[in-house]
Amino acid sequence: MAPLTDIPARLSASKEGSWAWQTVKSRLPVILVTVINTLHQEKDQLVEKHGPEGGCQSKATIALLAKLRYEIMTDKPLTRLEDNLPDSKLWNSFLDELYKCEDSPRWFLTPWLYIECLMYRQIVSALHQSKLLSIFDPFAGGKKASWKNSEDAIHSVLGFLNKQTCSPPADIENVKSLVRQFLELSLWGNKCDLSISSGQDNSQTSNPLKQIGQLDEFLLVDDYECLWSQLLQLREKHGGCNSVRIDIILDNAGFELLSDLCLAEVLLTVGMASQIMFHIKSYPWFVSDTTEDDVKYCLSKLQQSDMMLERCQGNAWAARVNEGSFVFRKDEYWTLPHDYAAMREKCPKLYTLLSDSDLLIFKGDLNYRKLLGDREWPCEATFDEALLAFNPAPMLSLRTLKAELCVGLEIGMMEKLTKQDKEWMVSGKYAVIQFTDTVLPLHLPSKADSSGDSRQKVAIQSTVTVIE
Ligand code: F6P
Ligand code: MG
C-alpha cells in the first residue's frame with residue numbers, strides 16, 4: 001500500500017477546462033433544469049389530485065431546486081440538509097467535518113465526488129420536504145423512455161441468452177467464451193447512462209451482439225484470464241456443493257441492468273455461483289442508477305410483454321427472486337459521499353457483508369471513481385495501490401471510462417492515447433476489465449478505536465428487498 005504522503009489529491013472542479021469543471025459548470029445545472037421541468041409537468045396532476053395544496057408543494061420544491069442550481073452556478077458555500085431522512089445526520093456531520101478542514105467548502109472547490117453526490121442528495125432532500133413529492137423519482141420518465149428505445153436491443157440479447165442457456169456448453173473452453181461474451185455485454189452496457197448525457201436519451205439502439213469481440217481494441221486493461229482462474233475456483237467450490245455468492249454492485253437501469261441480469265443468469269447456469277446479490281441505490285442517483293422501482297419496472301415490463309421470449313425470461317427471473325438465487329439489497333452507504341476505502345471504518349456492517357462474497361463485480365464509472373477515491377492516481381499505479389486497502393473479497397471492475405482517472409495502464413500508454421484521442425478518458429469509448437484477487441483479513445475497528453467519532457456509532461440500516 002502507498003505510504004500516506006504519496007496519496008494523490010482528489011479530483012475537483014477547481015481546474016478550469018477539466019472534466020470535473022465541465023460537469024459542475026454545465027452538466028449538473030442542465031440536469032437540475034430537467035428535474036425542474038419534470039416537476040412543472042407534474043404540477044397539473046398534483047393540483048388535479050390534491051387541489052391548491054398540490055400546486056403550493058410543487059412550487060416550494062421547484063424553488064428549492066432553483067436555489068440549489070443558483071448556488072452551484074455561483075459557487076456558493078455548501079449547505080446542510082434540511083430533511084429528516086435516516087441518513088441526513090451522517091451527511092450533515094460529513095459536511096461539518098468539511099467545514100472543519102476547509103474554510104468554506106464550495107461547489108467548485110470541494111472534491112468533485114463529494115459535491116456531485118451532494119447535488120443528488122439535495123434533490124432527494126428538496127423532494128422529501130414536500131409530503132406529496134417525497135418519494136417521487138424525477139428521473140423515472142427518462143429511464144422508462146430509455147427502456148422503450150432499447151427494446152430491440154433487449155430482444156436480441158434475450159434471444160441470445162435463451163439460446164445459450166437452453167443447452168449450456170459442456171466443454172470448459174466454450175464455457176469460458178460464453179461467460180466472456182456476457183461479461184462484454186454487461187461492460188459495454190455501461191455506455192447507456194443518462195448522467196453523462198445530462199439526461200438526454202442514451203439508450204442501446206444498435207444491436208449489442210455485434211459489439212461482442214469487436215471492441216477489444218478499446219479495452220485498456222483486460223484481466224479476463226485472471227478472473228477466469230477465479231471463476232474456475234468458484235465452479236469447483238460450487239461443484240463441491242458449497243454455496244457460492246457473487247455480488248454485483250449495479251450501476252444504471254434500463255439496458256445496462258438487463259445486461260447485468262443476463263450475466264448473472266449465465267454465471268448461475270454454468271455453475272459458477274448459487275446466488276447473485278445485486279446492490280441497488282436507495283434514492284434516485286446520478287440520473288439513471290438502479291433503484292428498487294427500476295428493478296420492479298424491468299421485471300414487470302418483461303413479464304407483461306407481448307413477446308413470449310421476454311415474458312418467459314421475466315417470469316424466470318421473478319422465480320429466481322422468490323427462490324433466493326437473485327437477491328436485491330439496498331444499503332445507504334452507496335448514496336453517501338464516502339469512497340470505498342472508507343467503508344471499513346464508516347460502515348463495518350456492509351464491509352463485512354461484502355467480505356462474505358466470493359466475488360464482487362463493480363459496475364460503471366461512479367463505482368470506479370469511488371474505488372479509486374476519485375483521486376489523481378498516475379495511470380501506471382496498480383489497481384491494488386489505488387484501492388487503499390479496500391479488499392474485502394476478490395473484485396472485478398467493469399467500467400467504460402467517463403471520468404479523468406484510470407489506473408493499471410502500461411508505461412507510455414497514457415501519452416499514446418492522449419495523442420490519438422484527447423477525449424479518451426471521458427467519452428465512454430474505452431473500457432477496463434480490471435481484477436484483483438487480493439483479499440485483506442477482516443479487521444473491524446475495536447470499540448476503543450471508534451470512540452470519539454460519533455459517525456461510527458450510527459447504525460446503518462440495511463434492508464433486503466424482496467421483489468414480488
Ligand atoms: O456526471 C459525470 C459522471 O459522474 C461521470 O463520471 C460519469 O459519466 C457518470 O457521471 C456516471 O457514470 P456511470 O453511470 O457509469 O457511473
Ligand atoms: Mg450511473
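**Ligand sites, a covered helix and a nonpolar core**

Asn-190 places a polar side-chain atom 3.0 Å from an oxygen atom of ligand 1, a polar contact being a pair of N or O atoms within 3.5 Å, where, within protein, one must be able to donate a hydrogen and the other to accept it, and residues adjacent in sequence count only if both atoms are side-chain atoms. This is a predicted model, in which local features need pLDDT of at least 70 and side-chain atom pairs count only at pLDDT 80 or more, while totals for chains, interfaces and linings use all residues. Residues are numbered from 1 along each chain as its sequence is written, chains are lettered from A and ligands numbered from 1 in the order in which they are written, and side-chain values use heavy atoms, with hydrogens and water left out.

Ligand 1 has 17 residues around it, of which Glu-116, Asp-365, Leu-366, Arg-369 and Lys-402 come nearest, a residue being near if one of its heavy atoms lies within 4 Å. A polar side-chain atom of Glu-116 lies 2.5 Å from a ligand oxygen, and for Arg-369 the corresponding distance to an oxygen of ligand 1 is 2.6 Å.

Asp-365, Leu-366 and Arg-369 are among the buried residues of helix 14, which spans residues 364-371 and has eight of its eight residues buried; buried means under 20% relative accessible area, exposed over 50% and partly exposed in between, with a 1.4 Å probe and protein chains only. Helices (H or I, at least four residues) and strands (E, at least two) are DSSP runs numbered from the N terminus. The buried residues of helix 14 pack against elements including helix 4, strand 2 and strand 5 (359-363).

The magnesium ion (ligand 2) is coordinated by Asp-251 (OD), Asn-252 (OD1) and Asp-289 (OD) at 2.1 to 2.3 Å, where donors are N, O and S atoms within 2.8 Å of the metal (3.2 Å for Na, K and Ca), and sites may look incomplete since water is not among the atoms. Asp-251 lies in the loop between strand 2 (245-249) and helix 9 (255-269), and Asp-289 in the loop between strand 3 (275-280) and helix 10 (292-303), so the pair ties together parts that are 38 residues apart in sequence. Asp-251 is buried at 6% relative accessibility, and Asp-289 is buried at 2%.

The largest nonpolar core, a set of buried Ala, Val, Leu, Ile, Met, Phe, Trp, Tyr and Cys residues joined through side-chain atoms within 4.5 Å, has 150 residues, with Met-119 and Ile-276 among those having the most contacts inside it. Its largest share, 12 residues, comes from helix 4 (residues 112-128).

Notes:
Contact means heavy atoms within 4.5 Å.
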